[in-house]
Structure formats: structure tokens, C-alpha cells
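Trainee: Could you walk me through this fold with me asking how each label is earned? I would like to set the values against the rules.

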Amino acid sequence: MSHRAPRVGGMSHFDEAGAAVQAALDAGARYADARVMVCRTESMTARNGAVEDLGSDESAGLGVRALVGSSWGFYAVPDLSEPAARAAGRRAAQIAAASAQVAGPPVELTRSEPVTASWASDCVVDPLSVPLSDKGDLLVRATTAAKEAGADLAQAGYAIWDTRKWFVSSEGHRIDQHVRECGGGVTANAIGEGEVQRRSLPGQYGTRGWELVEELDLVGNAPRLAEEARELLTAPLCPAGETTLILGGSQLALQIHESVGHAIELDRILGWEAAFAGTSWLDLSRLGRLRYGSELMNITIDPTFPGALGSFGYDDEGTPATKRHAVRDGVWVGVLAGRDSAAVAGLDYAGSVRSDGWSRLPMVRMTNVGLEPGPHTLDEIIAATDDGVFMETNRSWSIDDRRLNFQFGCEIGYEIKNGRRGRMLRNPTYTGIGPKFWQSMDMLSSETIAWGTPNCGKGQPGQVGHTGHPAAPARFTNVRVGVRG
């Protein structure tokens, strides 16, 4: 498809990106691509009825990649003039040529059909157009409501990202995109004797407008959170032992993120990304044969998921957003890949490469990695459980550098007895080993929400990724919960 490019500052930026690519080719690159990005951000936090912090930022620049021999070169400039773009392209090619003097395996790229295209995320209410006074009033009212309901410390906040991109490649891509993201949350803390308990509305973020924040009903949820945090101070500890575990959707989203999403990143599997929280326990020779979980486990990689935080039209290599399975009926069948890593692995697809800004090298990142809906409801799962624990809303996590052994702590738990939710439990935790844990999943809800994670760290220099995780409550058998004294 072909559409007129949006204009920022009175012009589109295909010309500058194209100049950078041509300069890289003229300097000896056999492939080059360039991204111009104009990024605007805004965030605000309130504490105990008063606005505490307000931040906004705008940046613009160009980043160019060049491939020479067996090596990539990357260079970025905060200058959108054509002379600066051409200089950046030449410099990227020079860096690649210098790296190629230490010869490595040949770098090939999987096929990406050149397109001229435009894409924008859905947005009903432009979040940057909402008056700051209205946003501040919302946070003040939410934290005031939590304080009045018994919280000792109440906090609320929101964040907004508005990103425009222009991408050009030496293969013929010309793609512009406009991605608007936002979200927020509210937290209530209760302080006891030597103990602090927290209840929060899981921070929810997506590629939507301010309507997403309005739907969260921060003010309406704040009193309940405060009351639950206060009640947790005197609730019994989560008992230790093996039991049936039911996880709420937001906690399961983080479980997917840590024990599936990072594990299926192909650069980790290949050993390319071993510096930040490790590699992966997965072995490519077992792709299509390894049992990752039970037959209820169907994990998709889906950047087309409407409104989810990991959604886009094209990744930062120009590959169109496409839905595919990572796990089908419990069997590992797919990975998150870039064009170069996919070629090394002998795969014919990529589509999962992004950067967090114009000055960062694009890398393999999660898009929307989540569970397809199951056949049950949460009420049915609880009713079918004679003895177990329900946990929701993450409080802490720990996982090894291979994404295999993990421990998670949640804000709140409930005892399940004879198919009913019983007494509240404080400081609930659970631990497990990835494939054993997922193979124990025997019930899964259809009540899916695409939870957003706006703070996924990866790479050196570090990058912050925005990822989505469709998930619903699920049940797992014979899980170790609690902490033994």
C-alpha cells in the first residue's frame, strides 16, 4: 500500500534517510538501512494527593546501519540535515569495514519484500492533547481516594510515548509509521510493625490513546486497593509446600515475559546476546520437537494484536507485522528473530527487530508474546480446585540467565478450599522450572487481556523495550509455593 507520508516540522524525512543509505552504499556497503525518528514523551506522578513529578522530552535523529563483508556498522546523529545524514551513512560503512577486517561468518539476510507503506496505531483521544491540569487532577483524586480509604502512602502515574519513524533501505523499502502509546496505574501502601504491604492496579499500557487510561478507573479502584493493603498486614502468611496454583492474568503475563518471551529470542539462543541477563536454555536443534508445556499452551508472536503495547505495522528492518506461533499445543515451534539471525538459523521469517530510539542499534525484541485463550473461566477454574492458592499482581521476580529456574512473589494471595475462594494470604511466592511448570498447566481461562510491559531491559548500551503479553488466569498443578523456614 502507498500513502502520503506524515510531515513533522513541515516535511517528511524520507529524503534524509535515503541520503544516509546512498552514502553508505557509495562508501562500500552491500546493504544499508536508515531510520529517522521523532520521539515525544510525557509522564507525571502524584503522591498522597499532590503532583510530585512532571517530565516531558522531545528528540529527533537518524540512525543508519551498513553491512560490509561479515560485519555491521551503525552510526547515529541528532541532526536531520542531508549533509549530516550523508556523513552518518559514510561513517556507518567505515565502522562496518573496520569490523570486517576481523573476518567472521558471512552475514546473509532473510527476504523482506520492499514496500512503500504507512501505518499508524489506533488512537481515539490523543494523549498529548489532554490538558496537563486534567491529567494532574486525575492522579491527585486517585491518590486522595486511596489515602482516605486507609493507605499510608498512595502513588499514581501515567506515561505517554509518541513516535514517528521514516525507514528507508537499499532494497527499496520506504515506510513511515506513527505509534502512540500510553498507560498508567495507582498503588496503595499500608505500613505495619516491621511490614509494608502493597496493592496496585497492575500498570496497563498499550498502543492506544488516553481512552486507555480513562478505562482503568484509577479513582474508582483506589479505595479497594487501600483496603486490601491494610488487610494484608494482618493476613496469615502463604503456607509453604506443593499445591495447585492459580495465577491471575497480569501475573501470568510476566511469567510469559520472563520464562517464554526472553527464552525464544533468537539472538539469545545463538549466544549473540549473553551480556544482559544471559542466554537461553533452548536448543535450535529441538525446534519443532521440544515439549515446552501442556497441550493448553499456545503461545503466539503477534505484533498485529489491536491496541497491545508490542504492536506495529513494520519492524525496524521493514518486515511487516505477522502473527505466528512460538508454541503450538505445547510444542516449541517458533522464535523471535531478525533478518540476520534468521538466516543463520535457516529460518525464512524475521519481523521482531526494534530499537528504543534513533541512537540505538535495532535488535531482536519481544513484540506481543502471549497465550491464546483457553476453554474455561476463572470462576470455573476456582470451582474445580479442591485445595490450592490463587495469586495475582507481581511484587518481585528472579530468574536465572538461561530463563529456566524462577521465583516470583505476588502482592496478594487467596486460599482455595473446596472450590471457593477463602482467606487472604500475605507474601505469596512460587517457584519452578520453566518447562516443568508449563507442562503442569491444566486449566486456562478465555478472559484474555493484553497486558503491557513498558520497561523491558536488554542490550549494551541498554535499551528499554515496550512489549505486550496477552494472558488470562490459568491453573498449574504441583507447584512449590511459600518460603520454608
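Trainee: Which residues of H3 are buried, and what makes them count as buried?

Mentor: In this predicted model, the buried residues of H3 are Lys135, Gly136, Leu138, Leu139, Ala142, Thr143, Ala145 and Ala146. The label requires a relative accessible area under 20%, so each of these residues falls below that cut-off.

Trainee: What do the buried residues of H3 pack against?

Mentor: They pack against strands S1, S2, S5 and S6, and against helices H4 and H5. Contact here requires heavy atoms within 4.5 Å.

Trainee: How do you know that the length of H3 fits a helix of its residue count?

Mentor: H3 has 17 residues, and the distance from its first C-alpha to its last is 24 Å. The expected span is 1.5 Å times one less than the number of residues, and for H3 that comes to 24 Å, so the span is close to the expected one. Just after H3, Gly150 takes a positive phi of about 120°.

Trainee: What do the same checks say about H5?

Mentor: H5 covers residues 218–232, which makes 15 residues, and it reaches 21 Å, close to the 21 Å expected. Its buried residues are Leu218, Asn221, Ala222, Leu225, Ala226, Glu228, Ala229 and Leu232. The cover over them includes helices H3 and H4 and strands S6, S7, S17 and S18.

Trainee: S6 and S7 both appear in that cover. Why are S6 and S7 called paired?

Mentor: Pairing needs at least two bridges between the strands. S6 and S7 have 6 bridges, in the antiparallel sense, so they qualify. Asn189 stands opposite Arg198 in S7. In the hairpin of S6 and S7, 2 residues lie between the strands, and Gly194 takes a positive phi near 70°.

Trainee: How many bridges join S10 and S11, and why does that count as pairing?

Mentor: S10 (residues 299–301) and S11 (residues 324–328) share 3 bridges in the antiparallel sense. The rule asks for at least two, so this is a pair. Ile301 stands opposite Arg324 in S11.

Trainee: In what order do the strands of that open sheet run, and what makes some of them edge strands?

Mentor: The sheet has 4 strands in the order S12-S11-S10-S15, with antiparallel pairing. S12 and S15 stand at the edges because each has a single partner strand, so one side of each is left without a neighbour in the sheet.

Trainee: Arg328 lies in S11. Why is Arg328 called partly exposed?

Mentor: Its relative accessibility is 42%. Buried would need under 20% and exposed over 50%, so Arg328 falls in between. Leaving out residues up to four places away in sequence, Arg328 touches Met297, Asn298 and Val333. The C-alpha atoms of Arg328 and Ser341 are 22 Å apart, with 13 residues of separation along the chain.

Trainee: Now to the empty spaces. What makes the largest cavity a cavity, and how much space does it hold?

Mentor: A cavity is a space where a 1.4 Å probe fits but cannot get out. The largest cavity holds about 50 Å³, and the count at 30 Å³ or more comes to 1 cavity. Its lining includes Arg35, Lys165, Trp166, Phe167 and Asp315. S5 gives the most to this lining, with 3 residues. By class, the lining has 4 nonpolar, 2 polar and 4 charged residues.

Trainee: What is the volume of the largest pocket, and which residues lie closest to its centre?

Mentor: The largest pocket has a volume of about 1,000 Å³. Of its 46 lining residues, Gly203, Tyr205, Trp397, Pro454 and Asn455 are the closest to its centre. The lining divides into 18 nonpolar, 20 polar and 8 charged residues. Among the elements that each supply at least two lining residues are S1, S2, H6 and S21.

Trainee: And which residues lie nearest the centre of the second largest pocket?

Mentor: They are Trp72, Trp272, Asp340, Leu361 and Pro362, out of 26 lining residues. The space there is about 730 Å³. S3, H8 and S14 each supply at least two residues of the lining, which by class has 13 nonpolar, 6 polar and 7 charged residues.

Definitions and conventions: Residues are numbered from 1 along each chain as its sequence is written. This is a predicted model: local features need pLDDT of at least 70, side-chain atom pairs count only at pLDDT 80 or more; totals for chains, interfaces and linings use all residues. Side-chain values use heavy atoms; hydrogens and water are left out. Buried means under 20% relative accessible area, exposed over 50%, partly exposed in between (1.4 Å probe, protein chains only). On a 1 Å grid over the protein atoms alone, a cavity is a set of points where a 1.4 Å probe fits but cannot get out, and a pocket is an open set with protein on both sides within 12 Å along at least five of seven lines; lining residues have an atom within 4 Å of a point. Grid points are joined across faces, edges and corners, and a volume is the space filled by probe spheres set on the points. Ala, Val, Leu, Ile, Met, Phe, Trp, Tyr, Cys and Pro count as nonpolar, Asp, Glu, Lys and Arg as charged, and the others, Gly among them, as polar.
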